[in-house]
Amino acid sequence: MCGIVGYIGPKKAADVLVNGLERLSYRGYDSAGVAVMDEKGRLAVRKTKGKLEQLKRLLEESPVDGCTGIGHTRWATHGEPSDLNAHPHTDVKGGIAVVHNGIIENHEALRKHLEGCGAVFASQTDTEVIAHLLNELYDGDMLHTLLRAQGMLQGSYAIGVLCDREPDQLFCMRCDSPLVAACREGEGFLASDVPALLSHTRDVVFLQDRQVGVLSRQGLRVIDEYGQACEPSFFHVEWDQSSAEKGGFAHYMLKEIHEQPTALQNTFAPRSRLGDFQWLPLSEDTACRLRRITIVACGTAYHAGVMGKYALEQLARIPTEVDIASEYRYRQPPVGENELLIAISQSGETADTLAALREAKRRGASVLAICNAVGSTITREAGEENTLYTYAGPEIAVASTKAYVTQTEMMIMIAVALGVMRNTLSMERAEALYQSLRELPSKAADTLGLEGRLQQIASRMSSRKHVFFVGRSVDYALSMEAALKLKEVSYLFSEAYAAGELKHGPIALLKPGRLVVACVTQPRVLEKMLANLQEVRARGAEVLAVCPDALAQQVRPQADELIVIPDTDEWLAPLLAAIPLQLFAYCMAVARGCDVDQPRNLAKSVTVE
Ligand code: G6P
């Protein structure tokens, strides 16, 4: 959630750092700062509460000279957002500067110990203990000092470090928090996430846990926890800078909604030959023996998992449970033979999902990861060979859109593959589904044309206070995601209910002025849904319904507003219907003047519990 950048080279470091921080601003932050060092090792820190504009103003009023530096955008965890709590933090003498992502769990004990040694703390942050600790342990060699510090730091960290006694080097180290380094002729770069590096290079090194990176004008050295040099393994990033920027759209969220046809295509294309299931890292034998699947994820990815449960149970006849990762990790789940755990995560860095994956591995489950971010921690923990990438491209907006549809598409593809392998799904049915998957990108592109209509609806409905989302079967899974989308970006109170549950409580809240968004994509439960909508309207609440063309005639009489999507396979209809519902959330947020890409209190990647 916080962002780290670092630079060493011939350029003015402050400019490179601020530019890099801007590329990471999508992560959400409440303060920002830089530390810059000149060749003589004179270190200067500039930091402030608020947005990067404030930091830029500060740097204009009080410039910093030097070609080596570290920068940070902070999202408060320990201590309020303030100038003092902003990173970088320094030791008492101001000779060591540190930026940090993650949480130092034993910071209180370390603080006491360091205060006993004479350290005077300036902030309430856990990060500051790192600066004082490094000073305390410093033996004239920051690389060794960092390796020694590892044994004393508990928790998660990705850190960038400057030391005035070693002015021609920039240090970094990680444990359970992502860090990427890169270098090119005479320059070295550091970041917590790839977009900050793309304007400089697309060849990057993902540091592993407990590795220390040393950047200098001569290049990058990587040293493992035992002090042994490792050959840095460079990874070529396919995303270019423009794909990480807004590309003419008003917001990243809107851009990413529009990227969905391509994203869906990219997810499907490498797995598009029915019968060739090599892409799925499960042998036919293993597939046939599977007794249970557990899906773990958080937020939007969890909703893709709920959709996956329906598909796996119905198409592949495998009992499937889906659990919120933060619950799974602590509920001591029994894991037996022939069980598979699927972790779904866009970022591949969500702390709870990672912990759930580790817990399942510890208990002996086979694991499979569905991830978007290549090289992320979850993919490494699951093993690249057990990872299915969604290839949705960088998702910058906090509210997830293209990651969701591709995760859902992936779950359906897995269910079809397992269904065929286990003989629970006929080839004929599988072929029909694959044909619909082939047509999905162009139908998704058609739904984008609904934006104007949704804008009108949103401008009329933006003053609503409470919105309910209802659906049955897979439409209930869709309702959960649609409700989350609306609350995330528009701050409206929105809740999803299985339509059959309406009578068991929520109906008490229905009255004129309430809005009920109905997802009606499933012919099998159409009659029941229509009955539910009659009940809703009988209480004076308003209905906005989304349905495929084939059902429009029957749904129209029960809807105040109707959004019609193209016809497709019933398993893919909720996926297609998600797009206008994302647009609805987006248009409501814009109409209400909300910060669409960086919603209040939310972060793109939740790397702490
Ligand atoms: C945060 C984001 C959500 C996301 C969730 C899980 O809450 O704001 O959009 O769905 O984390 O993230 P992951 O990267 O694991 O999919």
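The pockets, the cavities and one helix pair of a predicted model are described below.

The largest pocket has a volume of about 660 Å³. Its lining comprises 39 residues, and those nearest the centre of the pocket are Trp 239, Asn 372, Ala 373, Val 374 and Pro 394. Two elements, strand 15 (235–236) and helix 7 (260–268), give two or more residues to this lining. Of these, helix 7 gives the most, with three residues. By class, the lining of the largest pocket holds 17 nonpolar, 12 polar and 10 charged residues.

The second largest pocket encloses about 520 Å³ of space. A total of 28 residues line this pocket, with Cys 298, Gly 299, Ala 603, Lys 604 and Val 606 lying nearest its centre. At least two lining residues come from each of helix 9 (299–316), strand 18 (339–345), helix 11 (351–362) and helix 16 (474–490). The largest share is that of helix 9, which supplies three residues. Gly 299, one of the residues nearest the centre of the second largest pocket, is the residue at which helix 9 (299–316) begins. The lining of the second largest pocket divides into 11 nonpolar, 12 polar and five charged residues.

Turning to enclosed space, four cavities of 30 Å³ or more were counted. About 110 Å³ lies in the largest cavity. This cavity is lined by 15 residues, and Cys 2, Trp 75, Thr 77, His 100 and Gly 102 are the closest to its centre. Strand 6 (residues 96–104) provides the largest share of the lining, three residues. The lining of the largest cavity consists of four nonpolar, nine polar and two charged residues.

The second largest cavity has a volume of about 50 Å³. Its lining is made up of Arg 292, Thr 294, Tyr 328, Pro 333, Pro 334, Val 335, Glu 339, Leu 340, Leu 341 and Ala 365. Strand 16 (292–297) and strand 18 are the elements that give two or more residues to this lining. Strand 18 contributes the largest share, three residues. Strand 18 also supplies at least two residues of the lining of the second largest pocket. Seven nonpolar, one polar and two charged residues form the lining of the second largest cavity.

The helix pair consists of helix 13 (residues 402–421) and helix 19 (residues 573–591), which pack with their axes 10 Å apart and at an angle of about 170 degrees. Angles over 145 degrees count as roughly antiparallel, and helix 13 and helix 19 are therefore roughly antiparallel to each other. On the side of helix 13, the contact is made by Tyr 404, Val 405, Thr 408, Glu 409 and Ile 412. On the side of helix 19, the contact is made by Leu 575, Ala 578 and Gln 582. The residues of this contact divide into five nonpolar, two polar and one charged. The charged residue is Glu 409 of helix 13, while the polar residues are Thr 408 of helix 13 and Gln 582 of helix 19.

Methods
Residues numbered from 1 in each chain as written. Predicted model: local features only at pLDDT ≥ 70, side-chain atom pairs only at ≥ 80, totals over all residues. Heavy atoms only, no water. 1 Å grid on protein atoms, 1.4 Å probe; cavity = no way out; pocket = protein on both sides within 12 Å on 5 of 7 lines; lining within 4 Å. Points joined across faces, edges and corners; volume = space filled by probe spheres on them. Helix = DSSP H or I, 4+ residues; strand = E, 2+ residues; numbered from the N terminus. Axes fitted to C-alpha atoms, helices over the stretch in contact; angles between N-to-C directions. Parallel < 35°, antiparallel > 145°, perpendicular 65-115°, else oblique. Contact = heavy atoms within 4.5 Å.
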